[in-house]
Amino acid sequence: MLDIIKMLAETFHDQHKQLYMVGGTVRDDLLLRGQASDGDLATDARPDEIKRLVAPTHPTAVVLVGERFGTVRLHYDDSIIEITTFRSERYNPDSRKPEVCFGDSLEEDLARRDFTINALARDPLSDRIHDLFNGRRDLEDHILRAVGDEPDKRFGEDPLRLLRAVRFAAQLDFEIEAETRAAIVRQASTLQKISRERIRDEMNKLLLSPHPTKGLDLLVELGLMEWIIPEVLELKGVSQKATVGKSTKDIYAHVLRVVERSSARPVTRWGALLHDIAKPRTKSVEDNKIHFFGHEDVGAYMARDILKRLHFDREFIYHVSQVVKLHMRANAYTSDWTDGAVRRLMLDSGDVLPDLLDLSRADITSYRMDKVNRAAARVQELAERCQHLREEAERVPIKSPLDGNELMEMFGRGPGPWLRPLKDHLLGLVIDGELASDDKETATNIARQMMSEQS
Ligand code: ATP
Ligand code: MG
């Protein structure tokens, strides 16, 4: 990657054009967050000039991307490099997306960037770092600070920066500097101006980061959560146990621990965040005992609603709501479950079984080690039984020995509602391990028996 960047810089230099590594590329390099994760470059050349200049370097593909095509993306064998023409600060505060204007100087380009740690540039030829806003110091001190001295204005230009601050805090485990933080609190409600898709993308990055709990806590503390998932705020102060005196963890604290304990996969993390979302709304007290009857079903609806609002795609919404809906069933697993019961859970969860098992593993936040260990062993056993049954089902598929056509032929009847109960019954027997899926003879007898009982 660095070789290609150097070669490009020489080419540009020969034509009296500037080329710098900028933004996240320089930041991650200095943080040693792996080797130059992406190659973001900035230049004073305009897009058509960029295309002309890069041609002799033989990229396999050249694509114009970005807002108003300010960015040229280059594909080389195994690296992707993006070159963007310098931009100048020009934002339309009423627009849902920032407007872009070409600029002429690196200084101008760095000044319109969001945080000091993202406003660093590096000359690939001399290796000199351009640091106009003390970004290196903030990087060393683990601080997120808005560029310039009017943070409110910066957030006003593009309110997505409110969320980016929190997302970087969660990814890098950085603290938000006091002035910047105060401005976020003041500007929180301007998040409403941002498109739901941009919010969704930031939320995904935050949830999949190494410190999702930190990010979620910040969203709540800074008043941003209200404009994203207000339902999460309901979890605060709602206790799970009726014990008086000793302060018990609220559901919010429980949920955050579950998120942190779960695997960093989108469906799992969102499932973890939303699995108990309906507990406040379903809470009831009876004989000094607290219940949350049906919270998994109400929660599945709420999850669908929340994710729809954030414009997630249908499949993702379905998957997360399935995890929420089924989480109590997975949690209720005990060794005496029949293979049929395990198979039914597998069939009902389908693609999300791994996410469901992972959530179940994470959904034990007791401080008593013996409890945690016992529960973990239970989930492990369930996972192993699922694995075993899956292998078995690969050899002998789980299906009714007689399909619809065979049943219609057998009884000399056309398609109709009479078929469904027969098929369901036969399939149920196979799931429960009481009928082999290739045992047509027994299935025929059972079907005949059922039909004769009906008439
Ligand atoms: P990552 O790619 O890990 O998400 P990044 O910092 O590279 O982090 P990008 O969205 O790729 O983020 O943006 C590249 C650079 O562009 C940033 O480092 C920052 O300098 C600038 N930038 C991106 N979005 C904004 C914004 N909304 N406002 C101001 N500057 C921005
Ligand atoms: Mg980037």
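A polar side-chain atom of Arg-113 lies 2.9 Å from an oxygen atom of ligand 1. The model in which this contact appears is a predicted one. Two further arginines make comparable approaches to oxygen atoms of ligand 1: an N or O atom in the side chain of Arg-27 is found at 2.7 Å, and a polar side-chain atom of Arg-164 at 3.1 Å. Taken alone, ligand 1 exposes 580 Å², and the protein buries 78% of that area.

The surroundings of ligand 1 comprise 16 residues, of which the closest are Arg-27, Asn-118, Asp-158, Arg-161 and Arg-167. What is the chemical character of the residues in this shell, in terms of nonpolar, polar and charged? The shell divides into 12 charged residues, three polar residues and one nonpolar residue. With respect to secondary structure, helix 2 (24-31) and helix 7 (160-172) each supply at least two residues of the shell. Helix 7 provides the largest share, namely four residues.

The placement of ligand 1 can also be described at the level of domains. The protein is divided into domain 1 (2-141), domain 2 (148-228), domain 3 (256-395) and domain 4 (404-454). Why does ligand 1 lie between domain 1 and domain 2? Both of these domains give residues to the shell around ligand 1, and the ligand therefore lies between them. As for the wider arrangement of the chain, the C-alpha centres of domain 1 and domain 4 lie 66 Å apart. A separation between individual residues may be set beside this value: the C-alpha atoms of Glu-10 and Leu-347, which are 337 residues apart along the chain, are separated by 59 Å. Glu-10 has its place in helix 1 (residues 2-14), and its relative accessibility of 47% makes it partly exposed.

Arg-167, one of the closest residues to ligand 1, also takes part in a salt bridge. Its side chain meets that of Glu-202, with an N to O distance of 2.8 Å. Arg-167 lies in helix 7 and Glu-202 in helix 9 (residues 196-207), so the pair ties together parts that are 35 residues apart in sequence. Are these two residues buried or exposed? Both Arg-167 and Glu-202 are buried.

The structure holds 35 salt bridges, and another of these may be examined in domain 1. Arg-46 forms a salt bridge with Asp-104, in which the closest N and O atoms are 3.0 Å apart. Arg-46 is located in the loop between strand 2 (39-43) and helix 3 (47-54), while Asp-104 is located in the loop between strand 7 (101-102) and helix 4 (106-111); the pair thus ties together parts that are 58 residues apart in sequence. The two partners fall into separate accessibility classes: Arg-46, at 28% relative accessibility, counts as partly exposed, whereas Asp-104, with a relative accessible area of 55%, is exposed.

A further salt bridge joins the side chains of Asp-370 and Arg-368, again described by its N to O distance, which is 3.0 Å. Asp-370 is partly exposed, with a relative accessible area of 37%. Arg-368 is likewise partly exposed, with a relative accessible area of 48%. Elsewhere, salt bridges that share partners join Asp-29, Arg-122 and Asp-127 into one network.

The backbone also deserves attention at two asparagines. Phi of Asn-134 is near 55°, a positive value in a residue other than glycine. Asn-134 lies in the loop that runs between strand 9 (129-130) and helix 5 (135-141). Its relative accessibility is 38%, and Asn-134 therefore counts as partly exposed.

A positive phi is also found at Asn-288, where the angle is near 60° in a residue other than glycine. Where does Asn-288 lie with respect to the strands? Asn-288 is found in the loop between strand 12 (283-286) and strand 13 (289-292). With a relative accessibility of 58%, Asn-288 counts as exposed.

Note on methods: Residues are numbered from 1 along each chain as its sequence is written. Chains are lettered from A and ligands numbered from 1 in the order in which they are written. This is a predicted model: local features need pLDDT of at least 70, side-chain atom pairs count only at pLDDT 80 or more; totals for chains, interfaces and linings use all residues. Side-chain values use heavy atoms; hydrogens and water are left out. Domain bounds come from an automatic or database domain assignment. A residue is near a molecule or strand if one of its heavy atoms lies within 4 Å of it. A polar contact is a pair of N or O atoms within 3.5 Å; within protein, one must be able to donate a hydrogen and the other to accept it, and residues adjacent in sequence count only if both atoms are side-chain atoms. Accessible areas come from the Shrake-Rupley method with a 1.4 Å probe; for residues, only the protein chains shown count as cover. Ala, Val, Leu, Ile, Met, Phe, Trp, Tyr, Cys and Pro count as nonpolar, Asp, Glu, Lys and Arg as charged, and the others, Gly among them, as polar. Buried means under 20% relative accessible area, exposed over 50%, partly exposed in between (1.4 Å probe, protein chains only). A salt bridge is a side-chain nitrogen of Lys or Arg within 4 Å of a carboxyl oxygen of Asp or Glu.
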